[in-house]
Amino acid sequence: MAKRDYYEVLGVSKKANADEIKKSFRNKARHLHPDNKESGDEAAFKELAEAYEVLSDDNQRATYDRYGHEGVKNTTRGFDNMDFSNLAGFGIDDLIDMFFGGGVRTGRQGGPEQGSHLRYELQIDFMEAVFGVEKKISIRRLEDCTTCSGSGATPGSEIKQCTTCAGMGQVQQVFNSFFGQSIRVTACPTCQGVGQQIEKPCRECRGEGLLRQNREFDLKIPAGIESGSRVRMTAAGDKGKRGGPFGDLFVVVGVREHETFIRDGLTIHVKQPISFSMAALGGDLLVETVNGKKLVKVPAGTQAGSTVVLKELGVPRLNNPTRRGDQVVHLIVETPTKLSSEEKKLLDKLAELRGESLHVSKEEIENLKAEAKAAQEAESAGKVEDKPKKPEASTNGENSPSEHKEDHSIFEKIGEFFKPRHGEHEAK
Ligand SMILES: [Zn+2]
Ligand SMILES: [Zn+2]
C-alpha cells in the first residue's frame, strides 16, 4: 500500500509551524487513542505517530520535503513493533512525552549517523528518455579523510575515551513523570555523542574525519522515464561521520523537448502537414517516428485536424518496456499559396464544377449597405432598439467576465488540438 503524505496524515498544510503540527497531532492522537472505544485505531495511530516523528523534527522534515518518504525511510522508528494495547490507560500528553520527550529514544543517539542525501540534476534528450540511456555523473561528496582514515585524529596521536560519558556517547537523566520515574537519554554534550575526545585533530580534515571528493557514478536511466522523475542511488551521497553509512544520491532527471515529437505520457504526437489535394484525394506519405520513417495512408476526404494513430510507436512503459504507447499523427491541411495563373484557372474551374460561389453577389452587398444606412438614420433619430447591445465595460478598467470566458475557451481549443480524438483512423 502506498504511504500517505505525512502532512495529509496530520491534517496540516506544508507551511504549518511546529505548534500547529503538535496541536493537530494531539487532537488526532486523542481520537485514535486505544482508550477511545469507538474511534481507537491501531494502524491509524501508528501512521500518525510516524508522521509526527518526522514532521516534528526540523532536519527530518526538511529531508522529507525534498525527498519524500524515500528520504526518511531509514530514520523513522518502526512503530509496527509498538504494542498498542500497552498504551491504554496513558493520557495522550504522557504518550507524547514518552514517544518524543527522549525517554524511550534509544539506539539513534551516540552511534555513527548516516551522511546527508545529495541531489543532482541531470538533463537528457527526448530520445534518451524514450529508449533509456547510461550516463556518467560526477559529484562532489564527503568521504572519509584518507590521512586519518576518518577518525579525525592526527595519525599516531591518542584518541581518549570521553570522561563525561565514559565513552558511552550518551548521558542519562532521571526525571519523574506521570507514570513514575523515567530516564531521559541525550547525546553527551562534551563529545557530541562520539564517546571519544581527540587530542590532536587531523590537519587535513580539521578533525572532521571527512573531506569533499570528486566521484563518478554510472547511472542507468530506464526507457520511458518522465521529466521530473527522481532516481535514487543508494549510498552515493555523503559519508557519515566516524564510520557512519553513506547517504543516498537523488538524481532528478529533466528531459529536453524535441523539435518534432510532443510527449503526453506514453503517447507521442506529431504534426504532419499534407497538401490540399492529398486531403481531398487521399494518398500516402512517410511520417517521422521515434523508430524512423513509417508509411501512413491518408484517406480521401481528410478534414483539417484529423488524426492517424500508429500503434505501439509511442513511449515504452517504465519498467515494462515491451508495452508501448501510440504515436498520434495530426494531419494539418495546408492551403496552397503563391498560385500560378494555370493553378488559379484550375481551382476556379473546380469551384465552378462544384457550384461553389467565391464571392457575395452585388445584390446582397447593396442590401447590406441599405440596412446599415437605415440603422444609422434610426440612431441619429434617437431610436436604438434594433441595435444589439455591446458588452458593458466595467468601471475598474478590467475586462468584462464574458470576455475572459471567451479567451479561456480559445486556449482550451488549442490544447484540445493535440489530444487524441475518438474515431481516429488507424494505420496498419
Ligand atoms: Zn583527517
Ligand atoms: Zn562524551
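**Questions on a predicted chain**

Colleague: What percentage of the residues score at least 70 in pLDDT?
Modeller: The protein chain averages a pLDDT of 82, pLDDT being the predictor's confidence in each residue, from 0 to 100. This is a predicted model, in which local features need pLDDT of at least 70, side-chain atom pairs count only at pLDDT 80 or more, and totals for chains, interfaces and linings use all residues. Residues are numbered from 1 along each chain as its sequence is written, while chains are lettered from A and ligands numbered from 1 in the order in which they are written. The residues that score at least 70 make up 78%.

Colleague: Which element has the highest mean pLDDT?
Modeller: There are eleven helices and 18 strands in the protein chain; these are DSSP runs numbered from the N terminus, helices being H or I with at least four residues and strands E with at least two. The lowest mean pLDDT, 44, belongs to strand 18 (residues 425-426). The highest, 97, belongs to helix 7.

Colleague: How many contacts beyond four places in sequence does the model have for residues 389-408?
Modeller: Two residues are in contact if their C-beta atoms, placed from the backbone, lie within 7 Å. Where pLDDT is low, the predicted coordinates should not be read in detail. Over residues 389-408 the pLDDT stays under 50. Beyond four places in sequence, the number of contacts for this stretch is seven.

Colleague: What percentage of the residues of the protein chain count as buried?
Modeller: A residue is buried if 20 or more other C-beta atoms lie within 10 Å of its own, exposed if 12 or fewer, and partly exposed in between, with C-beta atoms placed from the backbone. The protein chain has 428 residues. The buried portion is 21%.

Colleague: Which strand gives the largest share of the largest nonpolar core?
Modeller: A nonpolar core is a set of buried Ala, Val, Leu, Ile, Met, Phe, Trp, Tyr and Cys residues joined through C-beta atoms within 7 Å. The largest one has 26 residues, and those touching the most other members are Ala129, Val130, Val253, Val296, Val308, Val329 and Leu331. Two or more residues come from each of helix 7 (126-131), strand 9 (249-255), strand 11 (267-275), strand 13 (292-298), strand 14 (307-310) and strand 17 (327-334). The largest share, five residues, comes from strand 9.

Colleague: How many residues are in the second, separate core?
Modeller: In the largest core, Val329 touches Val270, Gln272, Val287, Val296, Thr307, Val308 and Leu310, leaving aside residues up to four places away in sequence. The second core is separate, and Val9, Leu32, Phe45 and Ala49 are among its members. Its number of residues is 16.

Colleague: Which strands are the edge strands of the open sheet with the order 1-9-8?
Modeller: This open sheet has three strands and mixed pairing, where two strands pair if DSSP finds at least two bridges between them. Strand 8 and strand 9 are antiparallel and share five bridges, and Met233 has Leu249 in strand 9 as its bridge partner. An edge strand pairs on one side only, and the two here are strand 1 (118-124) and strand 8 (229-233).

Colleague: How many residues of helix 10 are buried?
Modeller: Helix 10 (residues 362-380) spans 27 Å from its first C-alpha to its last, close to the 27 Å expected from 1.5 Å times one less than its number of residues. The helix lies largely in the open, because of its 19 residues the number buried is zero.

Colleague: Is Thr146 buried or exposed?
Modeller: Thr146 sits in the loop between strand 2 (133-144) and strand 3 (159-161). Its C-alpha is 8.6 Å from that of Gly209, although the two are 63 residues apart in sequence. Since Thr146 has 11 other C-beta atoms within 10 Å, it is exposed.

Colleague: What is the phi of Ala235?
Modeller: Ala235 lies in the loop between strand 8 and strand 9 and is exposed, with 12 other C-beta atoms within 10 Å. Its phi is positive in a residue other than glycine, near 65°.

Colleague: Which residue takes a positive phi in the hairpin of strand 15 and strand 16?
Modeller: Strand 15 (residues 316-317) and strand 16 (residues 320-324) run antiparallel and are joined by two bridges. Pro316 has Arg324 in strand 16 as its bridge partner. The hairpin has two residues between the strands, and the positive phi, near 70°, belongs to Asn319.
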